[in-house]
Amino acid sequence: MSAAIAALASYGGSDSEPDSEPETEGGSQRSAAVLASRDAVLHLRAPPAAPPALPVDAAPEVAVKEDVETGVHLDPAIKEVQYNPTYETMFAPEFGPENPFRTQQMAAPRNMLSGYAEPAHINDFMFEQQRRTFATYGYALDPSVDNPEAATKYIGSVEEAEKNQGSLTVFETGQRKIEKRKKFKENDASNIDGFLGPWAKYVDEKEVAKPSEEEQKELDEITAKRQKRGKLEDDKPGEEKTILHVKEMYDYQGRSYLHVPQDVGVNLRSTVPPEKCYLPKKQIHVWSGHTKGVSAVRLFPLSGHIMLSCSMDCKIKLWEVYGDRRCLRTFIGHSKAVRDICFNNAGTQFLSAAYDRYLKLWDTETGQCISRFTNRKVPYCVKFNPDEDKQNLFVAGMSDKKIVQWDIRTGEIVQEYDRHLGAVNTIVFVDENRRFVSTSDDKSLRVWEWDIPVDFKYIAEPSMHSMPAVTLSPNGKWLACQSMDNQILIFGAQNRFRLNKKKIFKGHMVAGYACQVDFSPDMSYVISGDADGKLNIWDWKTTKLYSRLKAHDKVCIGAVWHPHETSKVITCGWDGLIKLWD
């Protein structure tokens with residue numbers, strides 16, 4: 001190696017051969033040795049050569065069509081085909097043994113879903129008709145027979161075909177044309193008395209059809225059952241009885257529970273309402289005795305020292321509001337749920353309206369049922385006329401859209417107010433009892449003059465909902481209406497009966513329930529129950545919701561503010577309880 005480097009150095013480090021060197025035999029040998037030495041040194045210095053680049057070819061090599069024998073079967077095991085096979089080649093049968101499970105039916109050629117059909121000169125409708133006829137009745141026309149008069153022109157159930165004469169197919173009913181019933185003919189219009197025309201009777205028509213003996217027996221049984229059922233529902237109003245729950249009916253001075261007590265800390269005989277009322281905060285008493293939901297509660301007129309409640313258990317109960325708060329008396333006499341109750345002015349009598357279609361007048365003191373009233377319809381509400389000289393008259397809103405007026409003395413209907421288009425829900429007397437307001441399922445409010453059966457005021461807006469509970473304010477100026485769109489609307493109760501758009505009370509949920517509304521005696525608050533069993537209290541001036549108390553487990557249907565108390569409220573609910581709040 002050192003000799004080679006020295007020789008390269010003596011060469012002058014030049015890569016090219018010197019032109020001046022003569023080409024003798026000794027010179028050529030020397031130059032060859034030098035070049036070999038130089039190549040050896042360069043071989044040491046130079047980097048390794050790169051591998052030769054492969055040519056880029058994106059498309060695979062495909063055999064030309066002429067080079068391939070067409071019609072050759074493809075091997076199903078191969079993963080790659082090196083040529084473009086024809087359709088016949090790709091879909092030719094595979095090599096190998098036949099499918100051992102292949103049946104003759106599977107092997108048979110098919111040209112339709114149900115198998116193979118030979119082409120024939122028959123249209124699609126006829127073919128489908130005969131195919132369905134064969135599937136339904138078991139026979140069809142033989143398609144191989146060209147002559148229609150041939151003896152055996154049917155295939156399948158030939159006997160059935162001959163019975164029907166081959167005319168019955170799936171598209172025919174098989175009924176022969178029946179001859180039309182003949183009528184008496186007299187079409188001469190000039191014959192005035194005898195002209196029959198199209199109104200003529202049939203020749204074979206029977207004018208009187210009598211049932212057979214068996215049919216007559218069945219009819220008699222059905223009519224007897226209906227008469228019995230009608231008698232049970234209509235003729236028997238239910239026996240009236242009463243239960244006294246206190247030991248003595250009268251005290252040592254001979255006074256009954258109707259006597260207004262004077263030792264309760266409040267003047268119950270006063271006509272002046274409390275100056276200032278306050279929000280009730282807590283429950284102080286529960287009256288329990290009803291076995292089903294309570295529909296309504298009514299305080300004794302003026303004093304409010306006793307309370308009447310009606311329930312879905314068909315009973316009416318009288319309770320003490322003060323003292324021991326006992327149940328005084330139970331009135332039993334309705335066969336279905338009691339919907340509404342109403343005291344007369346003195347409180348000595350009260351009316352009850354129930355779903356058994358009866359209105360009953362009761363004596364509050366003795367519990368005796370004085371009289372019954374019915375017009376075969378369900379009464380939804382009942383009210384005595386508050387005038388002292390008209391205490392023998394009362395009105396009831398019925399399910400047949402009428403308001404019916406009865407006279408207690410005669411027991412007869414003396415007036416009907418029939419203008420509503422739906423069941424009547426409430427009746428409230430206004431304007432010093434000269435008029436009354438009624439609401440109905442027809443989503444309207446009507447105002448009536450007493451004893452005049454035509455409404456003089458009709459209020460119905462497209463945005464209005466039905467209002468099943470209405471209460472008059474203590475000052476007689478406003479009507480609070482529980483609307484089914486979860487609002488309490490206020491209407492003026494004097495002259496114009498306008499909606500007060502500034503006073504709308506919201507925040508509770510009552511859709512579907514006739515929850516009673518009431519005012520505090522000083523007109524500071526508005527109270528109402530709701531579907532969640534809560535007692536809602538609003539401020540009258542600002543319409544702000546002040547308080548919500550969980551009063552009942554089910555719907556709180558009634559709420560009454562005691563007229564002589566500053567913060568006592570009575571609620572009733574469908575859980576069968578009546579509660580006192582203070």
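**Figure 1. Lys360, a buried lysine with a partner far along the chain.** Lys360 has a relative accessible area of 0% in this predicted model, so with the cut-off for buried set at under 20%, Lys360 counts as buried. Its salt-bridge partner is Glu240, and the closest N and O atoms of the two sit 2.7 Å apart. Along the chain they are 120 residues apart: Lys360 belongs to strand 11 (residues 359-363), while Glu240 is found in the loop between helix 7 and strand 3 (241-244). Glu240 comes out as partly exposed, at 25% relative accessibility. As a general point, side chains of opposite charge can pair when their charged atoms come close. For the whole model, the salt-bridge count is 21.

**Figure 2. Arg548 and Asp530, another pair that links distant parts of the chain.** Here the closest N and O atoms of the salt bridge are 2.9 Å apart. Arg548 is in strand 28 (residues 545-550), and Asp530 is in the loop between strand 26 and strand 27 (534-539), with 18 residues separating them. Which of the two is buried, and which is partly exposed? Asp530 is the buried one, at 0% relative accessibility, whereas Arg548 is partly exposed at 38%.

**Figure 3. A salt-bridge network around Glu432 and Arg434.** Asp431, Glu432, Arg434, Arg435 and Glu449 are joined into one network by salt bridges that share partners. Zoom in on Glu432 and Arg434, and you'll find their closest N and O atoms 3.1 Å apart. Glu432 is exposed, with a relative accessible area of 64%; Arg434 is partly exposed, at 46%.

**Figure 4. Arg376, an unusual backbone angle in a positive patch.** Most residues other than glycine have a negative phi. Arg376 goes the other way, with phi near 70°. Where does Arg376 sit? Look in the loop between strand 12 (369-373) and strand 13 (379-384). Arg376 is partly exposed, with a relative accessible area of 39%; patch members need over 30%, so Arg376 clears that bar. Its companions in the positive surface patch are Lys336, Arg357 and Lys377.

**Figure 5. Met523, a buried residue with a positive phi.** Met523 isn't a glycine, yet its phi is about 65°. The residue lies in the loop between strand 25 (517-519) and strand 26 (525-529). At 13% relative accessibility, Met523 counts as buried, while Arg376 from the previous view is partly exposed.

**Figure 6. A negative surface patch that includes Glu214.** Six acidic residues gather here: Glu213, Glu214, Glu215, Glu218, Asp220 and Glu221. Glu214 is part of helix 7, which covers residues 213-234. Exposed means over 50% relative accessible area, so Glu214, at 65%, counts as exposed.

**Figure 7. Two of the annotated WD repeats.** An unreviewed UniProt entry carries the annotation "repeat: WD" for residues 287-321, 331-372, 417-449, 517-548 and 549-582. How far apart are the end C-alpha atoms of residues 287-321? They lie 10 Å apart, and the span is 57% strand and 0% helix. For residues 517-548 the end C-alpha atoms are 14 Å apart, with 56% strand and 0% helix.

Note on methods:
Residues are numbered from 1 along each chain as its sequence is written. This is a predicted model: local features need pLDDT of at least 70, side-chain atom pairs count only at pLDDT 80 or more; totals for chains, interfaces and linings use all residues. Side-chain values use heavy atoms; hydrogens and water are left out. UniProt positions are given in the numbering used here, feature names are shortened, and annotations may be inferred rather than shown by experiment. Helices (H or I, at least four residues) and strands (E, at least two) are DSSP runs, numbered from the N terminus. Patches are made of residues with over 30% relative accessible area and no salt bridge: like charges are joined within 9 Å, nonpolar side chains (Val, Leu, Ile, Met, Phe, Trp, Tyr) within 5 Å. Accessible areas come from the Shrake-Rupley method with a 1.4 Å probe; for residues, only the protein chains shown count as cover. A salt bridge is a side-chain nitrogen of Lys or Arg within 4 Å of a carboxyl oxygen of Asp or Glu. Lys and Arg count as positive and Asp and Glu as negative; His and the chain ends are not counted. The place of a charge is taken as NZ of Lys, CZ of Arg, CG of Asp or CD of Glu. Buried means under 20% relative accessible area, exposed over 50%, partly exposed in between (1.4 Å probe, protein chains only).
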